Amino acid sequence: MCVCLLTILSASASAAPAKQWHVQVEPVRVVNGSPVLFRVTPPVALNELKADFLGQELNFRFNSGCHCWYAIAGVSLNTKPDKYELRLSGKGAAAQNASFTSSVTVRAAHYPFSTITVAPAFIEPPKEAEPVIAAADAAKKQAFATSDPNPLWSGPFERPTDTETSGVFGSARVYNGKKKSQHLGLDFRASTGTPVHATNSGIVILARPLYFEGNCVMLDHGQGLLTIYMHLSEFKVKEGEKVAGGQLIALSGGTGRSTAPHLHFAVRWRGEYLNPATLLELHPPAK
């Protein structure tokens, strides 16, 4: 009787399913232009987890609250609809390695069209503006090349202002019936002097007037993730300053290429502009 019981228990134990990788992706519908949050629960304890996605290396952080590893990535506007691989590779104790490949479906976004009228100087800048534009381009290039290798952000990204949104990301725009471009940010209705806050913690890598962007603040959140705040009327931070999420960084305005006072809020990840509205809807675990 005892021998039979042991045999049954042994068979039951051997039939127990092996632990599997669990990969959660936000948003549920990933499109070109989306920021993406990956939450990964591996089947074994790891000390390090990395991944390759769309040719970019991702370094994950571990959160004890969800017992998961997480990282933010991005899908460029030029990415075609298809299935792409998220190739995970982890290192554990005693040289215990683990790897897994998950499929991520990218769908096509459908962005709207709009027409905008601005001062002619912002469509065909006068010759005397060329040095100003060149200096602005150099400042932006330097800022874009600056990013801390470590993540500086923590928890969800919050709205930069409490006002309603207007212009959406990705919309095709025609300026003065001539110049075509794509709107690479999210516009907030904000009268001059409206407080603008840092959406998350980071470092001020740019706080100065630019030709097209007007008074502009850029925050580095680490690992190539930047947030950008344009058309400001007043700066409340300086370049090189560390800021906390929710900290006052500026007041809104209508400087630069702007039809009226508002806040243009942009998100840039490793050289690609992403939809800010999606970033604000992600739910990364709190640190």
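In this predicted model, His183 is buried, because its relative accessible area of 4% falls under the 20% cut-off. The residue belongs to the loop that links strand 12 (179–182) with strand 13 (186–189). Two backbone oxygens accompany its side chain. That of Val168 lies 2.8 Å from a polar atom of the His183 side chain, and that of Gly185 lies 3.1 Å from a polar atom of this side chain.

Attention can now turn to the strands. Five of them form an open sheet with mixed pairing, and reading across it gives the order 2-9-8-4-5. At the edges sit strand 2 (30–31) and strand 5 (56–59), each of which pairs on one side only. For strand 2, the partner is strand 9 (residues 97–107); the two run in the parallel sense and are joined over two bridges. Within this pairing, a helpful place to look is Val30, which stands opposite Val106 in strand 9.

The model also encloses some empty space. One cavity of 30 Å³ or more is present, and the largest cavity has a volume of about 110 Å³. Its lining is made up of 13 residues, of which Asn59, Ala71, Ile72, Trp153 and Gln223 are the closest to the centre. Strand 5, already met as an edge strand of the sheet, supplies at least two residues of this lining, as does strand 7 (68–74). The greatest share comes from strand 7, with three residues. Sorted by class, the lining of the largest cavity comprises eight nonpolar, three polar and two charged residues.

Definitions and conventions:
Residues are numbered from 1 along each chain as its sequence is written. This is a predicted model: local features need pLDDT of at least 70, side-chain atom pairs count only at pLDDT 80 or more; totals for chains, interfaces and linings use all residues. Side-chain values use heavy atoms; hydrogens and water are left out. Helices (H or I, at least four residues) and strands (E, at least two) are DSSP runs, numbered from the N terminus. Buried means under 20% relative accessible area, exposed over 50%, partly exposed in between (1.4 Å probe, protein chains only). A polar contact is a pair of N or O atoms within 3.5 Å; within protein, one must be able to donate a hydrogen and the other to accept it, and residues adjacent in sequence count only if both atoms are side-chain atoms. Two strands pair if DSSP finds at least two bridges between them. On a 1 Å grid over the protein atoms alone, a cavity is a set of points where a 1.4 Å probe fits but cannot get out, and a pocket is an open set with protein on both sides within 12 Å along at least five of seven lines; lining residues have an atom within 4 Å of a point. Grid points are joined across faces, edges and corners, and a volume is the space filled by probe spheres set on the points. Ala, Val, Leu, Ile, Met, Phe, Trp, Tyr, Cys and Pro count as nonpolar, Asp, Glu, Lys and Arg as charged, and the others, Gly among them, as polar.
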